[in-house]
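Here are some notes to read alongside the model, for anyone opening it for the first time. They go point by point, so keep the structure on screen.

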Number of protein chains: 2
Amino acid sequence: MKNKQNKKSVAIVGAGFGGISVARKLAKSSDLEIHIIDRRNHHLFQPLLYQVAMAGLNPSEISVPIRRLFRRNSNVRVVLAEVDNIDINSSTVSYDDIKAKFDYIVIACGAKHFYFGKNDWEVLAPGLKNIEQATEIRRRILTAFEFAEKEKDLEKQKSYLTFSVIGGGPTGVEIAGAIAEMAKTTLVDDYRVADLTQTKVYLIEAGSRVLPSFPEKLSRRAEHDLKSLGVTVIKNTRASDLSSTGLQAGANWISCKTIIWAAGVKPASIAESTDTKKDEQGRLVVCEDLSLPSNKNIFAIGDVAVFYKEDGTSLPGIAPVAIQQGQFVGKQILNEVKGRPRGVFRYWDKGIMATIGRSKAVVCSGNLQITGFAAWLTWVFIHIIYLMRFKNRVFVFFQWVWAYFSFGHGARLIVHKTWRFYSGKKITYGSETESSET
Amino acid sequence: MKNKQNKKSVAIVGAGFGGISVARKLAKSSDLEIHIIDRRNHHLFQPLLYQVAMAGLNPSEISVPIRRLFRRNSNVRVVLAEVDNIDINSSTVSYDDIKAKFDYIVIACGAKHFYFGKNDWEVLAPGLKNIEQATEIRRRILTAFEFAEKEKDLEKQKSYLTFSVIGGGPTGVEIAGAIAEMAKTTLVDDYRVADLTQTKVYLIEAGSRVLPSFPEKLSRRAEHDLKSLGVTVIKNTRASDLSSTGLQAGANWISCKTIIWAAGVKPASIAESTDTKKDEQGRLVVCEDLSLPSNKNIFAIGDVAVFYKEDGTSLPGIAPVAIQQGQFVGKQILNEVKGRPRGVFRYWDKGIMATIGRSKAVVCSGNLQITGFAAWLTWVFIHIIYLMRFKNRVFVFFQWVWAYFSFGHGARLIVHKTWRFYSGKKITYGSETESSET
């Protein structure tokens with residue numbers, strides 16, 4: 001069956017958890033020629049991205065050049081490019097000025113933020129999906145404290161010291177907890193005028209509880225932990241209006257200068273133009289072997305895809321799903337090249353977890369539910385293990401140990417949006433400068 | 001003489017090496033109220049900035065929040081603001097909408113790049129003075145290799161693999177050596193199409209030798225070391241024309257996509273509007289106690305000032321000068337508050353050094369001249385010692401040890417200029433996108 005003269009070609013679109021898993025599975029096969037196409041040069045360890053936004057970690061500590069991961073695999077080519085189109089019928093991928101045909105295509109381009117059609121909210125309330133957004137959120141939070149320190153009008157000072165996080169899922173909970181904690185421990189001694197103990201953090205959740213994908217008991221515990229950090233949790237409430245001075249949450253107007261978006265997501269843009277069956281969120285519907293209904297040599301995995309379990313529910317958009325799907329797809333391609341039949345994908349649910357702050361987390365695995373310090377240790381341990389595939393593990397570990405004992409946040413850099421130093425321009429806060437740049 | 005009810009006020013404009021040294025000297029005095037005004041929230045360890053540009057270090061590893069340095073000193077206030085004007089006659093500093101009078105003002109706002117009047121060159125050839133510029137240079141260098149990998153036209157590929165550094169001082173030498181080294185060791189295995197051993201680095205120096213401030217013997221050695229790394233040194237030559245496709249160096253056109261500026265500097269903008277005696281470069285001329293001729297309570301130190309020695313020559317714009325001047329000014333203010341007279345500044349020249357690459361450096365201290373591995377170890381040792389004042393020393397040390405043994409560059413992140421991910425836009429190289437953003 002082997003035909004070394006005639007290698008099969010595989011295109012992997014996106015180098016997130018899903019895409020990298022496929023590539024890792026295939027990298028050692030000499031029967032295959034693999035192209036990884038991504039508009040970024042790095043793979044990002046997204047579960048720790050909020051730590052970059054909170055000045056706890058450096059961007060490069062949670063990212064690794066894609067090329068570096070496959071430097072020893074001469075059959076893997078990494079292409080820095082944005083894919084314009086994937087043609088299902090002809091099995092072609094278009095990028096730059098190239099239209100290339102592949103024997104297999106794996107669509108693994110993930111999700112982006114969804115503002116429920118209100119696209120102008122993006123500028124007012126950045127989400128947390130990539131490094132630029134993380135450093136922008138970091139810039140806004142740190143700048144808000146600086147402006148609070150300078151502000152003489154007490155009402156305005158209060159609005160600089162008020163932060164709203166929209167969306168009570170794991171990311172929203174992590175961000176809200178971290179802002180409250182950072183203001184009241186790490187930063188509090190650094191300011192002379194602004195009293196950072198007066199920092200207010202609002203977490204706004206449309207549903208009836210935070211962490212809706214967790215068991216109710218853990219939601220209650222997370223809410224309790226958030227309150228103990230000083231976060232005000234507002235449930236059953238949607239943000240109906242956003243501006244540069246605050247937001248409307250139900251009947252209440254919250255006056256605040258910093259808003260962070262952790263609510264809706266939708267599939268990456270390339271999914272829209274792909275001509276295949278989709279669910280109401282726009283995710284690509286896949287068969288039991290994760291291929292598309294109309295072309296069995298094109299797979300979709302991770303956040304861009306929707307896989308229905310036997311009970312009719314779908315798998316959540318989390319890293320373990322993308323990783324297991326990537327490994328599965330890799331195995332199917334390897335099997336098929338060797339003339340073996342395909343299997344059926346089954347997700348092994350190892351559990352879910354979220355951290356709320358220093359020594360506070362919730363973990364749910366099967367019937368096991370852990371909270372508090374034990375859950376936090378579990379969270380740290382598992383994240384270190386997963387990062388261990390990268391060289392960055394050592395530095396992250398040191399940063400964490402250091403931060404834990406010093407209550408420090410090591411990466412408190414305010415970096416400006418444009419590299420040419422804003423000559424002549426005033427130092428401005430957050431979205432106030434946006435109009436001139438967009 | 002002590003008058004606690006009536007504290008003297010000191011404004012320090014700029015938190016570089018000079019400004020921080022003054023503040024450190026004064027921070028423990030209860031007779032003084034100190035304002036540090038900077039448009040950045042961080043103090044930057046500039047001698048290692050080129051390592052950020054070369055993806056060797058993270059920005060936060062060479063920077064520290066100014067507030068953090070003085071968190072225990074309740075008489076020190078840190079203000080994030082850009083100073084608009086310093087009025088010599090009335091001893092006032094204007095920033096934001098405030099015009100504040102101080103008993104003492106220390107002007108320590110440093111230098112910026114000077115393009116000999118050709119301001120459009122700034123976009124084509126960024127310099128290396130702040131974090132944004134360092135990450136922009138990093139982005140351009142890493143992106144150039146990515147485009148070389150994708151380019152099918154061999155001439156164009158060659159121009160992506162060609163880098164020009166303008167200016168043969170310590171910064172230019174460090175950058176040129178580091179690019180050549182990175183291409184030929186760290187990165188060479190990561191690319192499949194582009195042959196990074198073919199990378200060309202040009203170092204263009206207007207004078208007759210590189211490192212003109214060093215003894216001739218060390219200049220020759222540095223040139224020899226650069227050549228051994230594959231850098232082409234072009235002396236006695238000025239860049240007369242720059243474009244996005246290359247530059248004119250004397251009679252030769254160098255076709256290249258990446259140009260880095262390490263040539264002229266001039267004082268920061270605030271110096272221009274300050275009404276006092278200046279030299280032909282625009283630097284503020286200071287008296288023997290580092291005060292301005294027309295107001296003895298206003299001092300100027302570091303790169304923004306020019307201090308003439310007894311032999312008529314002036315002190316170079318390097319960190320040790322700024323540090324010693326800062327300490328001196330701090331001491332004069334402390335003395336004066338106690339009713340003691342001022343002294344005369346004398347610079348203690350401990351020496352100068354420059355690194356060329358892994359295990360290659362030149363050090364000159366008095367009659368002592370060191371080269372090669374011993375000089376490099378000296379360089380590393382001294383930079384670690386100076387960084388030791390910051391918490392960052394531990395991480396920098398680990399990064400260096402790691403990088404030395406792994407030949408790695410840990411921070412190889414291509415981060416885009418705008419935080420909102422260039423939706424719909426093509427991935428572009430360096431200055432090609434500038435027109436739309438400026």
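1. Start with the open sheet in chain A, whose three strands are ordered E6-E7-E8 and pair in antiparallel fashion. At its edges sit strand E6 (83-87) and strand E8 (98-101) of chain A, each of which pairs on one side only. On average, neighbouring strands here are turned by 20° against each other, with direction ignored. Bear in mind that this is a predicted model.

2. Now zoom in on one pairing within that sheet. E6(A) is joined by four bridges to strand E7 (residues 92-95) of chain A, and the two run antiparallel. If you want a spot to click on, Asn85(A) has Ser94(A) in E7(A) as its bridge partner.

3. Next, the domains. Chain A is assigned a domain 1 (8-111 + 266-337) and a domain 2 (121-263). Their centres, taken over C-alpha atoms, are 33 Å apart. Ten residues from domain 1 of chain A and 14 residues from domain 2 of chain A take part in the contact. Which helix gives the largest share of the domain 1 side? That is helix H2 (residues 49-53) of chain A, with four residues. By class, the side of domain 1 of chain A that touches domain 2 of chain A holds nine nonpolar residues, one polar residue and no charged ones.

4. Helix H10 (residues 319-337) of chain A deserves a look. Its 19 residues reach 27 Å from first C-alpha to last, close to the 27 Å expected at 1.5 Å a residue. Its buried residues include Val321(A), Ile323(A), Phe328(A), Val329(A) and Ile333(A), but also Gln324(A), Gln325(A) and Gln332(A). Among the elements covering the buried residues of H10(A) are strand E1 (8-13), helix H1 (17-26) and strand E21 (295-300) of chain A. After H10(A) comes Gly339(A), with a positive phi near 80°.

5. For a hairpin, go to strand E15 (residues 246-249) and strand E16 (residues 252-255) of chain A, which run antiparallel and are joined by four bridges. Ala249(A) has Asn252(A) in E16(A) as its bridge partner. Two residues lie between the strands, and Gly250(A) in the turn has a positive phi of about 60°.

6. Two residues that are not glycines also have positive phi, and I'd check both by eye. Phe116(A) has a phi of about 50° and sits in the loop between strand E10 (111-113) and helix H4 (121-124) of chain A. Leu211(A), with phi near 45°, is in the loop between strand E12 (200-204) and helix H8 (216-228) of chain A. Is each one buried or exposed? Phe116(A) counts as exposed because it has 11 C-beta neighbours inside 10 Å, whereas Leu211(A) counts as buried because it has 26.

7. Finally, chain B. Helix H1 (residues 17-26) of chain B is mostly covered, with eight of its ten residues buried; among them are Phe17(B), Ile20(B), Val22(B) and Leu26(B). Elsewhere, Arg71(B) lies in the loop between helix H3 (66-69) and strand E5 (76-80) of chain B. It counts as partly exposed because it has 17 C-beta neighbours inside 10 Å. What does Arg71(B) contact, leaving aside its neighbours within four places in sequence? Its contacts are Asp189(A) and Asp190(A).

Terms used. Residues are numbered from 1 along each chain as its sequence is written. Chains are lettered from A and ligands numbered from 1 in the order in which they are written. This is a predicted model: local features need pLDDT of at least 70, side-chain atom pairs count only at pLDDT 80 or more; totals for chains, interfaces and linings use all residues. Domain bounds come from an automatic or database domain assignment. Two residues are in contact if their C-beta atoms, placed from the backbone, lie within 7 Å. Ala, Val, Leu, Ile, Met, Phe, Trp, Tyr, Cys and Pro count as nonpolar, Asp, Glu, Lys and Arg as charged, and the others, Gly among them, as polar. Two strands pair if DSSP finds at least two bridges between them. Axes are lines fitted to C-alpha atoms, for helices over the stretch in contact, and angles run from 0 to 180 degrees between N-to-C directions. The expected span of a helix is 1.5 Å times one less than its number of residues. A residue is buried if 20 or more other C-beta atoms lie within 10 Å of its own, exposed if 12 or fewer, and partly exposed in between; C-beta atoms are placed from the backbone.
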